[in-house]
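Work through the exercises below with the model open. Try each task before reading its solution.

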Amino acid sequence: MSGGSEMESFKRGRRDVGLIDGYDPLDPMAPIGVRSRALEEPPDTLSLGPLKKIYLIWMVGGSCDGCTVAVAGGTHPRVEHLLAGIIPGLPRVELIHTVVSTEVGPEWTHNLFMAERGELDAPYVITWEGSIMDESIAAATGGYWMGLGEDPATGRQITSLEWLDRLAPGAAAIIAIGTCASWGGIPAAKGNVTNSMGMMDYLGRDYRSAFGVPIVNIPGCSPIGDNYLETAAAALLFLNGLAPLPEFDELGRPAWLFGETVHRHCPRAGYYEEGVFAEEYGDKECLVELGCWGPVVQCNIAERGMVDGHGGCMQVGGICIGCTMPGFPDKFSPIFEKSPGSMLSSTTSKITGGFIRRMRNMTRVDKNMTARWSADGAISSGWARSKTPPKGALKAFHKAYSTVQHSHEGGR
Ligand code: SF4
Ligand code: SF4
């Protein structure tokens with residue numbers, strides 16, 4: 001569809017005007033790449049950059065669809081907000097997704113043909129979910145691992161990997177979502193009969209998108225949906241020329257999301273510091289002696305939660321099994337067994353933390369008394385089991401502590 005007058009005449013019923021490859025742009029089941037041209041851009045003030053819209057082509061390899069489920073539940077921003085184009089500075093996103101798009105079969109794959117021929121009316125970003133399996137192994141027996149549509153001219157099966165080869169050079173960016181797409185994940189574990197690998201291993205370290213961006217990795221099994229959405233939004237701001245490229249670490253992870261260990265923000269970290277550890281699932285203390293790898297794993301679930309700030313592994317009683325890490329799962333197995341390094345650290349923590357915890361308990365008793373109670377030698381609460389303040393050595397300790405605390409005020 002070219003000019004506005006053609007659009008108007010098309011809407012008035014001249015159905016022969018504006019057909020794209022024989023598709024009617026107003027048919028709700030037409031390929032997205034055709035349909036989106038029939039949408040008039042809203043005359044609002046939200047379109048700040050040069051890009052009014054962008055296509056997001058979501059393809060899968062060896063995947064369980066867990067990444068899709070995680071992103072569908074994201075809230076910062078919501079997928080719906082990206083699709084509606086209501087976030088200032090971000091182009092409206094046209095989602096071409098293997099699972100949630102309404103059209104199927106040839107209508108769906110037509111979007112990919114349009115992308116390859118450069119016929120989409122906006123740039124496209126590829127998001128890849130799942131491991132990349134070595135199709136040459138399957139081809140040796142006449143089969144394939146990951147099929148994604150057929151060649152309409154010959155009926156030949158096209159694989160997801162072939163589409164990646166065809167579309168990667170023209171993509172504005174490639175985002176690998178989940179640990180499988182980022183590093184290989186579970187399909188690449190010991191006994192990997194499909195020669196599964198991550199996106200970087202397949203495309204190589206020299207890959208750059210059409211906009212000059214190396215591969216972006218959002219690991220996690222499943223990943224936190226908001227980690228993907230926030231990174232995608234930041235990348236779109238960059239592609240739209242409104243912000244610098246966000247900071248990524250040496251493995252292509254968003255540095256602001258994966259720069260800290262789980263342990264540093266874990267709600268149970270205080271127990272670790274004081275040398276108190278859970279003995280079985282359901283206990284409230286630190287889980288390191290049950291096999292938690294949090295002290296060495298880079299993941300932000302402890303502070304972000306899983307969905308809309310809620311949930312997360314340690315919050316709901318689970319240990320960290322290292323699912324965001326390139327070494328997952330082999331380097332974290334046997335899962336649910338105590339890691340060798342934790343024996344040294346938890347033993348040290350029991351000794352030093354145990355001493356600190358006892359000292360803190362003594363101080364806490366003093367801080368639970370008003371100045372009046374301390375002077376009167378009596379606690380007025382009818383709830384207190386002991387109605388008299390500490391005496392003897394404990395009282396002397398409190399007095400000494402208070403003297404040090406107020407030394408700059410004259411020791412009182
Ligand atoms: S549960 Fe894991 S992450 Fe949390 S404090 Fe213990 S070792 Fe650290
Ligand atoms: S805390 Fe560990 S197991 Fe949980 S999501 Fe993060 S890396 Fe994965």
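The exercises go from confidence to helices, core, ligands and backbone details.

This is a predicted model, in which local features need pLDDT of at least 70, side-chain atom pairs count only at pLDDT 80 or more, and totals for chains, interfaces and linings use all residues. Residues are numbered from 1 along each chain as its sequence is written, while chains are lettered from A and ligands numbered from 1 in the order in which they are written.

**Exercise 1. Confidence**

Task: find the average pLDDT of the protein chain, then find where pLDDT stays under 50.

Solution. Start with the scale: pLDDT is the predictor's confidence in each residue, from 0 to 100. The protein chain averages 90. Of the residues, 92% score at least 70. Next, look for low stretches. Residues 1-7 stay under 50. For them the model has 9 contacts beyond four places in sequence. A contact needs two C-beta atoms, placed from the backbone, within 7 Å. Residues 9-15 also stay under 50, with 6 such contacts.

**Exercise 2. Two helices and their surroundings**

Task: decide whether α10 and α17 are enclosed or in the open.

Solution. Helices are DSSP runs of H or I with at least four residues, strands are runs of E with at least two, and both are numbered from the N terminus. Take α10, residues 225-239. Its 15 residues reach 21 Å from first C-alpha to last, close to the 21 Å expected. The expected span is 1.5 Å times one less than the number of residues. Now apply the burial rule: 20 or more other C-beta atoms within 10 Å of a residue's own make it buried, 12 or fewer exposed, anything in between partly exposed, with C-beta atoms placed from the backbone. In α10, 13 of the 15 residues are buried, so the helix is largely enclosed by the rest of the structure. Just after α10, glycine 241 takes a positive phi of about 75°.

Turn to α17, residues 392-405. Its 14 residues reach 20 Å, close to the 20 Å expected. The number buried is 0, so α17 lies largely in the open.

**Exercise 3. What α5 packs against**

Task: list the buried residues of α5 and the elements that they pack against.

Solution. Helix α5 covers residues 105-117 and reaches 19 Å, close to the 18 Å expected. Its buried residues are Thr109, His110, Asn111, Leu112, Met114 and Ala115. Follow them outward. They pack against helices α2 and α7 and strands β1, β2, β3 and β4. Just after α5 comes glycine 118, with a positive phi of about 75°.

**Exercise 4. The nonpolar core**

Task: which residues have the most contacts inside the largest nonpolar core?

Solution. A nonpolar core is a set of buried Ala, Val, Leu, Ile, Met, Phe, Trp, Tyr and Cys residues joined through C-beta atoms within 7 Å. The largest has 86 residues, and Ile57, Tyr124 and Ala173 have the most contacts inside it. Helix α10 gives the most to this core, with 8 residues. Now zoom in on tyrosine 124. Leaving out residues up to four places away in sequence, it touches Ile54, Tyr55, Ile57, Ala115, Ala171 and Ala172.

**Exercise 5. Two ligand shells**

Task: describe the residues around ligand 1 and ligand 2 by class.

Solution. A residue is near a molecule if its C-beta atom, placed from the backbone, lies within 6 Å of it. Around ligand 1 there are 14 residues, of which His263, Cys266, Cys286, Cys292 and Gly294 come nearest. Helices α12 and α13 each supply at least two residues of this shell. For classes, Ala, Val, Leu, Ile, Met, Phe, Trp, Tyr, Cys and Pro count as nonpolar, Asp, Glu, Lys and Arg as charged, and the others, Gly among them, as polar. The shell around ligand 1 has 11 nonpolar, 2 polar and 1 charged residues.

The shell around ligand 2 includes Cys299, Cys313, Cys320 and Cys323. It divides into 8 nonpolar, 3 polar and no charged residues.

**Exercise 6. Backbone details**

Task: locate proline 329, proline 334 and aspartate 308.

Solution. Proline 329 is in the loop between α14 and α15. The peptide bond from phenylalanine 328 to it is cis, with omega near 5°. Proline 334 lies in the loop between α14 and α15. The bond from serine 333 to proline 334 is cis, with omega near 0°. Aspartate 308 is found in the loop between α14 and α15. Its phi is positive, about 55°, although it is not a glycine.
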